[in-house]
Amino acid sequence: MRDESTPGTEVAGSVEKRYDPLAVLISGRGSNLKALIDARLTTPISVVISNRADAAGLEHARAAGIETLVLSHRDHASRDAYDRVLVDALRARGVGLVCLAGFMRLLGPTFCDAFRMATVNIHPSLLPAFPGVDAQAQAVVHGVKVAGATVHFVTPDLDAGPIISQRAVAVEDDDTPETLAARILAVEHALYPDTVRRLLTESWTVHGRRVVFARPA
Ligand code: GAR
């Protein structure tokens, strides 16, 4: 297991570093993919990959004329073998930045080392609270008063990589997991494109676990 908090871990990103083109990985509905498409980032999305053939989000990609690829984890014997297939597909397209958007598969060291600090994910909680599935339900059950969304770099540890951006959402007394998820999702649709745009166009560094942009948001 890699320790991202190791002092001296430092990765610099800036407009000089080539992050084009983008790839988006999905497993389902794809509303965050649609938000990234609609944001018309200057960097093109060259491919959308789903691990499920029935992912509704694939339609958003097709409608936008973006190449789609279905790579099922079920066709591969191990996480490592699946990681390699993903890495090969992304490398073949020269992808610079990978955006996970509701991609519900854990990526292992093979993938995370190949796209180190070049894979980002959006998660519907204020990490490190409530990693994993059903984060919004976890928040309601726990009784927190503030929930939200987090964009973070992806490491092999579930939802535990360096945090790039967060936005808070108040939890109301009568919230259900569904009503809270809907308000968080609206925030995700703004936060994810904003954050990806900043990564692509601004200078930033990662010191240990701390992601620091050269200029404030
Ligand atoms: C989003 O809420 C996203 O934050 C969450 O899945 C949903 C996907 O919706 N991701 C995770 O929970 C990852 N741990 P979408 O397919 O409509 O973008």
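What follows is a chat about how some labels in this predicted model are justified.

Reader: Let's start with the charged pairs. What makes arginine 93 and glutamate 67 a salt bridge?

Author: The cut-off is 4 Å between a side-chain nitrogen of Lys or Arg and a carboxyl oxygen of Asp or Glu. Here the closest N and O atoms are 2.8 Å apart, so the pair qualifies.

Reader: And which parts of the chain does that pair link?

Author: Distant ones: arginine 93 sits in the loop between α3 (79–92) and β5 (97–100), while glutamate 67 belongs to strand β4 (residues 67–70). The two are 26 residues apart.

Reader: Why is arginine 93 called partly exposed?

Author: Partly exposed is the range between the buried limit, under 20%, and the exposed limit, over 50%. Arginine 93 comes in at 27% relative accessibility, so it falls in that range. Its partner glutamate 67, at 35%, is partly exposed too.

Reader: How many salt bridges are there in the structure?

Author: The structure holds 10.

Reader: How do you know that Arg167, Asp194 and Arg197 are linked in a network?

Author: Take the two pairs in turn. Arginine 167 and aspartate 194 have their closest N and O atoms 3.5 Å apart. That pair also links distant parts of the chain, with arginine 167 in strand β8 (residues 163–170) and aspartate 194 in helix α6, 27 residues apart. Next, the side chains of arginine 197 and aspartate 194 meet at 3.8 Å, N to O. Both values are within 4 Å, so both pairs count as salt bridges. Aspartate 194 takes part in each pair, and the result is a network of Arg167, Asp194 and Arg197.

Reader: Where do arginine 197 and aspartate 194 lie?

Author: Both are in helix α6, three residues apart, which is about one turn of the helix.

Reader: Are the network residues buried or partly exposed?

Author: Partly exposed. Arginine 167 has a relative accessible area of 35%, aspartate 194 has 33%, and arginine 197 has 35%. These values lie between 20% and 50%, so the label fits.

Reader: What makes alanine 23 count as buried, then?

Author: Buried means under 20%. Alanine 23 has 0% relative accessibility, so it counts as buried. It is found in strand β2 (residues 22–26). Its C-alpha atom is 6.5 Å from that of leucine 97, 74 residues apart along the chain.

Reader: Now the ligand. What makes serine 31 a polar contact of the ligand?

Author: The limit for a pair of N or O atoms is 3.5 Å. An oxygen atom of the ligand is 2.5 Å from an N or O atom in the serine 31 side chain, so this is a polar contact. Two other pairs pass for that reason: a ligand oxygen is 2.8 Å from a polar backbone atom of glycine 30, and a ligand nitrogen is 3.0 Å from an N or O atom in the histidine 123 side chain. The residues around the ligand also include Arg29, Asn32, Asp159, Leu185 and Glu188.

Reader: Finally, what lines the largest pocket?

Author: The pocket has a volume of about 820 Å³. Of its 39 lining residues, the closest to the centre are Gly102, Phe103, Met104, Ile122 and Pro124. Elements giving two or more residues are α1 (31–38), β6 (119–123), α5 (135–142) and α6 (177–201). α6 gives the most, six residues. By class, the lining has 19 nonpolar, 13 polar and seven charged residues.

Methods: Residues are numbered from 1 along each chain as its sequence is written. This is a predicted model: local features need pLDDT of at least 70, side-chain atom pairs count only at pLDDT 80 or more; totals for chains, interfaces and linings use all residues. Side-chain values use heavy atoms; hydrogens and water are left out. On a 1 Å grid over the protein atoms alone, a cavity is a set of points where a 1.4 Å probe fits but cannot get out, and a pocket is an open set with protein on both sides within 12 Å along at least five of seven lines; lining residues have an atom within 4 Å of a point. Grid points are joined across faces, edges and corners, and a volume is the space filled by probe spheres set on the points. Helices (H or I, at least four residues) and strands (E, at least two) are DSSP runs, numbered from the N terminus. Ala, Val, Leu, Ile, Met, Phe, Trp, Tyr, Cys and Pro count as nonpolar, Asp, Glu, Lys and Arg as charged, and the others, Gly among them, as polar. Buried means under 20% relative accessible area, exposed over 50%, partly exposed in between (1.4 Å probe, protein chains only). A residue is near a molecule or strand if one of its heavy atoms lies within 4 Å of it. A polar contact is a pair of N or O atoms within 3.5 Å; within protein, one must be able to donate a hydrogen and the other to accept it, and residues adjacent in sequence count only if both atoms are side-chain atoms.
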